[in-house]
Amino acid sequence: MKIALMKLLKKIIKDFENLKIAMHVRLSDLITDYTGFTKKEIEYINHQWSHVDFVLFDKLTYKPVLCIEVDGTTYHDYSKRQINHDIIKEKVLKQNNHKFLRIKTNNSDEQQKIISMLKDNNVSY
């Protein structure tokens, strides 16, 4: 799914010339505000394997425009540990003012969801 989504993102950003794609961006690289996080949450945030699957960013300012997580349905629907990590990740991104989209592998219409979020956030194309 991640390879397919990468191909889709490359197609989408052709219409958004100011965007670039980064894959597996460390969560700690996206955070500036640690306020309100527990010690365990901070450990997860700073863990070397804690990452966001894709980040669309402005190629001039390097500012993240949209963070995208791809969730495999079986793994994310049944693993309490992964559900907890997903909650922390979403909290981190929202608290640090990053736009966030979670895509499940059994959904469709990802292209429209991504384009809509970019347009809703006034990303020019």
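The questions and answers below go through a predicted model of one protein, from its overall build to single residues.

Q: What makes up the secondary structure of the protein, and which pattern does it follow along the sequence?
A: The secondary structure comes to five helices and four strands, and reading along the sequence gives the pattern α-β-α-β-β-α-α-β-α.

Q: How do you know whether the radius of gyration of the protein agrees with that of a compact globule?
A: For 125 residues, a compact globule would have a radius of gyration near 14 Å, and because the protein has 14 Å, the two agree. The box that the C-alpha atoms fill, taken along the principal axes, is roughly 40 × 35 × 25 Å.

Q: What share of the contacts in the protein with a separation of 6 or more comes from residues 24 or more positions apart?
A: Such residues account for 65% of those contacts. One pair that lies far apart in sequence is L8 and Q111, with their positions 103 residues apart along the chain and 7.0 Å between their C-alpha atoms; since contact means heavy atoms within 4.5 Å, the C-alpha distance alone does not settle the matter, but Q111 is indeed listed, with E110 and I114, among the residues in contact with L8.

Q: Why is L8 called buried or exposed?
A: L8, which is found in helix 1, has a relative accessible area of 17%, and buried means under 20%, so L8 is called buried. Over the whole protein, 43% of the 125 residues count as buried.

Q: What makes a set of residues a nonpolar core, and which residues have the most contacts inside the largest one?
A: The residues must be buried, of a nonpolar kind such as Leu, Ile or Val, and joined through side-chain atoms within 4.5 Å. The largest such core has 21 residues, and those with the most contacts inside it are L5, L56, L66, I68, I114 and L118. Helix 1 (2-13), strand 2 (51-58), strand 3 (64-71), strand 4 (100-104) and helix 5 (110-120) each supply at least two of its residues, while the largest share, six residues, comes from helix 1. In soluble globular proteins, nonpolar side chains tend to be buried together.

Q: Which residues does I114 touch, not counting residues up to four places away in sequence?
A: I114 touches L5, L8, L9, I12, L56, L66, I68, L101 and I103. Apart from this core there is a second, separate one of 15 residues, which includes I45, V55, V92 and F100.

Q: Why is V65 called buried or exposed, and which residues is it in contact with?
A: V65 lies in strand 3, and because its relative accessible area of 16% is under the 20% limit, V65 is called buried. Leaving aside neighbours within four places in sequence, V65 is in contact with L19, L56, F57, D58, K99, L118 and V123. V65 and F100 are 35 residues apart in sequence, and their C-alpha atoms are 8.9 Å apart in space.

Q: What makes I42 and T105 partly exposed?
A: Partly exposed covers the range between the 20% and 50% limits; I42 has 27% relative accessibility and T105 has a relative accessible area of 32%, so I42 counts as partly exposed, and T105 is partly exposed too. I42 lies in helix 2 (residues 39-46) and touches Y34 and F37, not counting residues up to four places away in sequence, whereas T105 has its place in the loop between strand 4 and helix 5.

Q: Why are Y62 and N97 called exposed?
A: Exposed means over 50%; Y62 reaches 60% relative accessibility and N97 has a relative accessible area of 68%, so Y62 counts as exposed, and N97 is exposed as well. Y62 is found in the loop between strand 2 and strand 3, and N97 in the loop between helix 4 (80-95) and strand 4.

Q: What is notable about phi in Y62 and N97?
A: Most residues other than glycine have a negative phi. Y62, although not a glycine, has a positive phi of about 65 degrees, and N97, also a residue other than glycine, has a positive phi near 60 degrees.

Notes
Residues numbered from 1 in each chain as written. Predicted model: local features only at pLDDT ≥ 70, side-chain atom pairs only at ≥ 80, totals over all residues. Heavy atoms only, no water. Rg over C-alpha atoms; globule rule 2.2 N^0.38 Å. Buried < 20%, exposed > 50% of the residue type's maximum accessible area, 1.4 Å probe, protein only.
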